[in-house]
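Let's walk through this protein together, one question at a time. Keep the picture open while you read.

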Amino acid sequence: MAKKMAIHWDLKELHTTLSVDETQPLLDDLEQQVTAFSSTYKGRVAGLSSKDIYSALVAYDDLRAGIYKVSQFAHLNYAVDMKDPDVLRFVSWIDEWTSTMGNTLLFFFLEIGAISDNQRTQWLAFEPNSAYAYSIQNAMDKHPYRLSESEEQWINLKDLNGCDA
């Protein structure tokens, strides 16, 4: 009978520990960046110049990358051992935190979705924004079907804690 080998992934590029205490400083830093982003851009997206929306999109991508890294670290550890209480605790904690951060950032693409076709054309005339053409158009296409920001946030929390969580 073949011997089973334990799965071990090197996840150091994502994060290094399942310790809540050791992870908290990273999350605090990311949360400060998310709060600063929200303070800078919330309610102002439609008025941004082409260069300013590019800077905002790059900053948004950087924030989401930081959030995704720690989330992927948690979930890949969970995929390896779904019964480890430390992993379960970490995944639950990270899922709640990422939902909160996602809700704070939710405004950004809701506001992008509400821009005019003329604004989109102006933004996309700036060459660096071409990398974001799909995201901008997708936000605009979905805008008529979106709920208010508070309703979208509520759904995110329900999905985290509801019967389908």
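Q: Which residue follows α1, and is its phi positive or negative?
A: Before we start, this is a predicted model, where local features need pLDDT of at least 70, side-chain atom pairs count only at pLDDT 80 or more, and totals for chains, interfaces and linings use all residues. Residues are numbered from 1 along each chain as its sequence is written, and side-chain values use heavy atoms, with hydrogens and water left out. Helices (DSSP runs of H or I, at least four residues) and strands (runs of E, at least two) are numbered from the N terminus. Right after α1 comes a residue with a phi near 80°, so look for a positive phi at Gly43.

Q: How many helices and how many strands does the protein have?
A: Reading from the N terminus, the elements go α-α-α-α-α-α. That fits the count of 6 helices and 0 strands.

Q: What length is expected for α1, and what does the model give from first C-alpha to last?
A: Helix α1 covers residues 20-41, which makes 22 residues. The expected span is 1.5 Å times one less than the number of residues, giving 32 Å here. The model comes close to that, reaching 30 Å.

Q: Which helices are included in what covers the buried residues of α1?
A: Buried means under 20% relative accessible area, exposed means over 50%, and partly exposed is in between (1.4 Å probe, protein chains only). In α1, the buried residues are Thr23, Leu27, Leu30, Val34, Phe37, Ser38 and Tyr41. Their cover includes α2 and α3.

Q: Which residue caps the N-terminal end of α1?
A: Look for a side-chain oxygen that lies 3.4 Å from the backbone nitrogen of Asp21. A polar contact is a pair of N or O atoms within 3.5 Å; within protein, one must be able to donate a hydrogen and the other to accept it, and residues adjacent in sequence count only if both atoms are side-chain atoms. The capping residue is Ser19.

Q: Where does α3 bend?
A: Over its 29 residues α3 should span 42 Å, and its end C-alpha atoms are 41 Å apart, which agrees. Even so, there is a bend of about 40°, taken as the angle between axes fitted to the seven residues ending at a residue and the seven starting there. The place to look is Thr104.

Q: Which residue caps the N-terminal end of α3?
A: Here a side-chain oxygen lies 2.7 Å from the backbone nitrogen of Asp86. That oxygen belongs to Asp84.

Q: Why are Arg89 and Asp86 separated by about one helical turn?
A: The two form a salt bridge, with their closest N and O atoms 2.6 Å apart; the term means a side-chain nitrogen of Lys or Arg within 4 Å of a carboxyl oxygen of Asp or Glu. Arg89 counts as partly exposed at 48% relative accessibility, and Asp86 is partly exposed too, at 42%. They are about one turn apart because both sit in helix α3 (residues 85-113) with a spacing of 3 residues.

Q: Is Arg120 buried or exposed?
A: Asp117 and Arg120 form a salt bridge at 3.3 Å, N to O, and both lie in helix α4 (residues 117-125). Asp117 counts as partly exposed, because its relative accessibility is 48%. Arg120 has a relative accessible area of 19%, so it is buried.

Q: What is the nearest side chain of opposite charge to Arg64?
A: Arg64 is in helix α2 (residues 50-80), where it is buried yet has no salt bridge. Lys and Arg count as positive and Asp and Glu as negative, while His and the chain ends are not counted. At 7.7 Å away, the nearest one is Asp61.

Q: How far apart in space are Ala139 and Ile112, C-alpha to C-alpha?
A: Ile112 is in helix α3 and Ala139 is in helix α5 (residues 133-142). Ile112 is buried at 0% relative accessible area, and Ala139 is buried at 8%. They touch, contact meaning heavy atoms within 4.5 Å. Though 27 residues apart in sequence, they are separated in space by 6.3 Å.

Conventions: Lists of a residue's contacts leave out its neighbours within four places in sequence.
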